[in-house]
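Welcome, and please open your viewer. We will begin with the whole chain and then pick out a few residues one by one.

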Amino acid sequence: TFQRGGYDALQSELKMEVGRLWTRNLGRDDRCLSDHGKEARFPFLDEDVVAYLESLPVDRKCDMTEVPGVGDKLLLREV
């Protein structure tokens, strides 16, 4: 996404992904884990944490000029 449209396109994509995260990814994960009698915990998905991270500019969360696996996880590595 970044290569096609820069940071603005990446910000739009991230917003869309966060919006559907609860039903798409977490719903699937919950079904898979429940089948095995387990329950997942997602501390980084606390509503306050997500709201704070969404308030940050995208270039603070990642540096897409770095190599994959480094720049795309910039903020997570700092935490």
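Start with the whole protein chain in view, keeping in mind that this is a predicted model. Of its 79 residues, 14% count as buried.

**The whole chain**

Switch to a cartoon display and colour by secondary structure. You should find five helices and zero strands, and reading along the sequence gives the pattern α-α-α-α-α.

Now rotate the model to look at its overall dimensions. Along the principal axes, the C-alpha atoms fill a box of roughly 40 × 25 × 25 Å. The radius of gyration of the protein chain is 15 Å, whereas a compact globule of 79 residues would have one near 12 Å.

Next, turn on contacts. Taking those between residues at least 6 apart in sequence, 36% join residues at least 24 apart.

**The surface and its charges**

Show the molecular surface. The accessible surface of the protein chain comes to about 6300 Å², and 54% of that belongs to carbon and sulfur atoms. Then select the charged side chains: 12 are positive and 16 are negative. The centres of these two sets lie 5 Å apart.

**Stop one: Gln3**

Select Gln3, which lies in helix H1, spanning residues 2–21. Is Gln3 buried or exposed? Its relative accessibility is 80%, so Gln3 counts as exposed, the cut-off for that label being over 50%. Before moving on, add Met64 to the selection. Gln3 and Met64 are 61 residues apart along the chain, yet their C-alpha atoms are separated by 8.8 Å.

**Stop two: the cysteines**

Select Cys32 and Cys62 and compare their surroundings. Cys32 is partly exposed because its relative accessible area is 46%, which falls between the 20% and 50% cut-offs. Cys62, with a relative accessible area of 6%, is buried, since buried means under 20%.

With cysteines on screen, a biochemist may wonder about disulfides. A disulfide is a covalent bond between the sulfur atoms of two cysteines. How many disulfides does the count come to? Requiring a pair of cysteine sulfur atoms within 2.5 Å, the count comes to zero disulfides.

**Stop three: Lys73**

Finally, select Lys73. You will find Lys73 in the loop between helix H4 (58–61) and helix H5 (74–78). Lys73 has a relative accessible area of 40%, so it is partly exposed. Add Lys61 and draw a distance between the two C-alpha atoms: the separation is 7.5 Å, for residues 12 apart along the chain.

Definitions and conventions: Residues numbered from 1 in each chain as written. Predicted model: local features only at pLDDT ≥ 70, side-chain atom pairs only at ≥ 80, totals over all residues. Heavy atoms only, no water. Helix = DSSP H or I, 4+ residues; strand = E, 2+ residues; numbered from the N terminus. Rg over C-alpha atoms; globule rule 2.2 N^0.38 Å. Buried < 20%, exposed > 50% of the residue type's maximum accessible area, 1.4 Å probe, protein only. Contact = heavy atoms within 4.5 Å. Areas by Shrake-Rupley, 256 points an atom, 1.4 Å probe, with all protein chains shown as cover. Lys, Arg positive; Asp, Glu negative; His and termini not counted. Charge placed at Lys NZ, Arg CZ, Asp CG, Glu CD.
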